[in-house]
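Hi everyone, thanks for making time. I'd like to walk you through some strand pairing today, so let's put the structure up.

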Amino acid sequence: MKVLKSFNLRGWLLVGTAACGVVLSGAIATLGSPASAGASLEERKLPMKFGWVACEPNCRGWVSAVGIITADTPKDFDDFARGRQLGGATVVLDSSGGSVNDAITLGRRFRNLGLLTTVGITQQNGGGKGARPRIASEAYCESMCVFLLLAGKKRYVPDAAHVRVHQIWMGDRADDAKAASYSAQDLMIVERDIGRLAKYTFDMGGAGDLLSLALNVPPWEDLHELDASELKLTNLVTTDLVSDVLPHVDVAAPAMADLAPKTQARFGEEPEPAKSTKTAEALVPTGGVATPAAAPQK
């Protein structure tokens, strides 16, 4: 009810056609040289990949999760987790978002394993024997990535990280959202997924303020970056100590490469068995079964 009270009738009708979302951006800042910045940007355009980062001695390691959440991502994570002792491990997120329902599925996997979450970019140090990997904190967690962040049993966001939110939209009408028309079925789909996302948010211990902040940002406006007070207001942050999620790990904020200003992402279709809200970057082929109808995106 807290979310609904944040909107008047006009706002609720907007929600009906543009459901809520979370940060998702086509241009994402990266670290290091222009070459490494370009490489990191390209990784964010691909389906999410998981990797175990060994960190010895006196460091358990962590899971690196980079890229777009697609229909295949929950299964990819299950394949990655099989045979590994991941209970209580930390997931370091660097993502533009992706499919709403698949992110919800993945987030519940995270919580069931008791995973911890943070935002960052893993850097493999090439300093020879004894050199350990570290995490660059100036990274982006956008759109449905924010809800993966929320899935952590403990959640830490570095000061230099960027966590950004916005609405979702019907994928084939995002380029001219104001002029497009919407059917009753479109409204049904986005309202259904608002309900699913709201339940997930509260199940994970998030606040209605997170949904409220996201629902206020239509696709023709810039993404909203959560400041420190909003990160706490939404319950996205549970600790101010990096050591609570990454003990004995070097976390740094290197200089950022110059990139184009961040803009709101456009949404597109992704082949899948059923309609669902999702992000534009989920356009990449994922091996699903194509359907003729477009889906709302985030």
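Let's begin with strand 9, residues 162-165, which pairs with strand 11 in the antiparallel sense over two bridges. If you want a residue to click on, take V165: its opposite number in strand 11 is H224. Please keep in mind that this is a predicted model.

Now step back to the sheet around that pair. It is an open sheet of three strands, ordered 7-9-11, and the pairing is mixed. Strand 7 (140-142) and strand 11 (224-225) are the edge strands, each pairing on one side only.

Next, please scroll to strand 2, residues 62-66. Is strand 2 mostly covered or mostly open? Mostly covered: five of its five residues are buried. You can check this face by face, with W62, S64 and V66 buried on one side, and V63 and A65 buried on the other.

And who are the partners of strand 2? On the antiparallel side of the story there is strand 1, residues 49-53, joined to strand 2 over five bridges. Then there is strand 3, residues 90-94, which runs parallel to strand 2 and pairs with it over four bridges.

V63 is a handy residue to follow here. It is the bridge partner of W52, and it also stands opposite V91 in strand 3.

One last thing to look at: how does the chain get from strand 2 to strand 3? Helix 3, residues 73-81, joins strand 2 and strand 3 in a β-α-β unit, and that unit is right-handed.

That's my tour, and I'm happy to rotate anything you'd like to see again.

Definitions and conventions: Residues numbered from 1 in each chain as written. Predicted model: local features only at pLDDT ≥ 70, side-chain atom pairs only at ≥ 80, totals over all residues. Heavy atoms only, no water. Buried < 20%, exposed > 50% of the residue type's maximum accessible area, 1.4 Å probe, protein only. Pairing = 2+ DSSP bridges. Right-handed = clockwise from strand over helix to strand, strands pointing away.
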